[in-house]
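This briefing covers one protein chain, from its overall make-up to a patch on its surface. The sequence and the structure come first, and the notes follow.

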Amino acid sequence: MENNSRLSQDEIDALLKGGDDNNQEQPESSLSPIEQDAIGEIGNISFGSSATALSTLLNQKVDITTPTVSVINKSQLINEFPRPYVSIGVSYTEGFLGNNLLVIEQSDAAIIADLMMGGDGTNADPSLSEIHLSAVQEAMNQMMGSAATSMSTVFSKKVDISPPEVDLLDMSEGEGTDQIPKEDPLVKVSFRIKVGELIDSHIMQLYPLTFAKDLINELMDHGNEETPAPAEEPAVAPETPAPAAAPVAPAASPKPNPTPKQQATPVQVAPAEFVSFDNQPQAQSHHHNLGMLMDIPLSVTVELGRTNRSVKEVLELSTGSIIELDKLAGEPVEILVNQRIVAKGEVVVIDENFGVRVTDILSQAERINKLR
């Protein structure tokens, strides 16, 4: 009976092991509140400019709020991302060295892709094709490029990134996990993103804790480098009482001699004189200057017509596709010099080669208006 009322050593070990299993999900190390604020401020500055770049691309108002920062183990990712997501892997190649993974919901990525390809984003297909993934990749490339530029300003050094790699991420099926940083634990920075009335969701940023520490240390060191100037003032202050010992000198010579400044010679000031240009040989000068321009090469092109197409229409072009221009058949073509219209003409064939016969030259006033 006594043995039944006590726990055996094996039972004690099992309980202790069970306690360790419960704590296994806790990160081995974490960030202090000050370090979390530093990471949040870096993300707030960098993704603030990214919102502007994304707004220009999508032609929608984009808001990205101040992020929340946490530290997680890789074993927790399956709980963090239970649904299929789209991951965008980016590597820092200059200024910092490390991997960065952006994670957005698949439905949000479909809306971004639809807007990038000229749609309105209301009926976006959640099943992303290669073309849609390419559109998302370009949007994320612009976002991370703007973020890297902002980081260059914050850290006062050039920060560059590699082209992003887009993939579908499904933690439950083990798909797309190759881009997840190998280190453990990871820092998760979660932003709330709003795109017009279409998206109100979150975009997550994952990178190793060691990379986060590098950012924090760099930020702290950069801040300390800007403070030495005020710190030197107290060091100079103790030296200022040294002239206070000067009262000993008046005991030997109560009437000092005049200083050299009192004996300085006056400065001679004369008005400026300029050469007159009234009698210069202007005609000869103009002719000489014009001769210097005669041998400058110019680009002469002939424009058959123009048209505007969306990204979707351009990507759908193939061999044999016909592009309709804004000119009628037989209408005079425009002759451009350095991308400026100077004349009009008609297309002719000379010895199996195309040519243009000039039929009309723009007047001087018209050419000046074209330059504006």
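The points below are grouped by topic and describe a predicted model.

**Overall make-up**
- The protein contains ten helices and twelve strands.
- Its chain has 372 residues, and 30% of them count as buried.
- About 25,300 Å² of the protein is exposed, with 53% of that area supplied by carbon and sulfur atoms.
- Taking contacts between residues at least 6 apart in sequence, 62% join residues at least 24 apart.

**Helix α2**
- Helix α2 covers residues 33–58, which is 26 residues.
- From its first C-alpha to its last, α2 reaches 35 Å, close to the 38 Å expected at 1.5 Å a residue.
- An α-helix has 3.6 residues a turn, so residues three or four places apart point the same way.
- Asparagine 59 follows α2 and has a positive phi, near 55°.

**Nonpolar surface patch**
- A nonpolar patch of about 900 Å² lies on the surface.
- The patch is made by the valines Val302, Val314, Val347, Val349 and Val356, together with Leu304, Leu317, Leu325, Ile323 and Phe354.
- Strands β11 (340–350) and β12 (353–361) are the elements that give two or more residues to this patch.
- Valine 356, one of the patch residues, is found in strand β12.
- The relative accessible area of valine 356 is 31%, so this residue is partly exposed.
- Patch residues need over 30% relative accessible area, so valine 356, at 31%, passes that cut-off.

Definitions and conventions. Residues are numbered from 1 along each chain as its sequence is written. This is a predicted model: local features need pLDDT of at least 70, side-chain atom pairs count only at pLDDT 80 or more; totals for chains, interfaces and linings use all residues. Side-chain values use heavy atoms; hydrogens and water are left out. Patches are made of residues with over 30% relative accessible area and no salt bridge: like charges are joined within 9 Å, nonpolar side chains (Val, Leu, Ile, Met, Phe, Trp, Tyr) within 5 Å. Accessible areas come from the Shrake-Rupley method with a 1.4 Å probe; for residues, only the protein chains shown count as cover. A salt bridge is a side-chain nitrogen of Lys or Arg within 4 Å of a carboxyl oxygen of Asp or Glu. Helices (H or I, at least four residues) and strands (E, at least two) are DSSP runs, numbered from the N terminus. Buried means under 20% relative accessible area, exposed over 50%, partly exposed in between (1.4 Å probe, protein chains only). The expected span of a helix is 1.5 Å times one less than its number of residues. Contact means heavy atoms within 4.5 Å.
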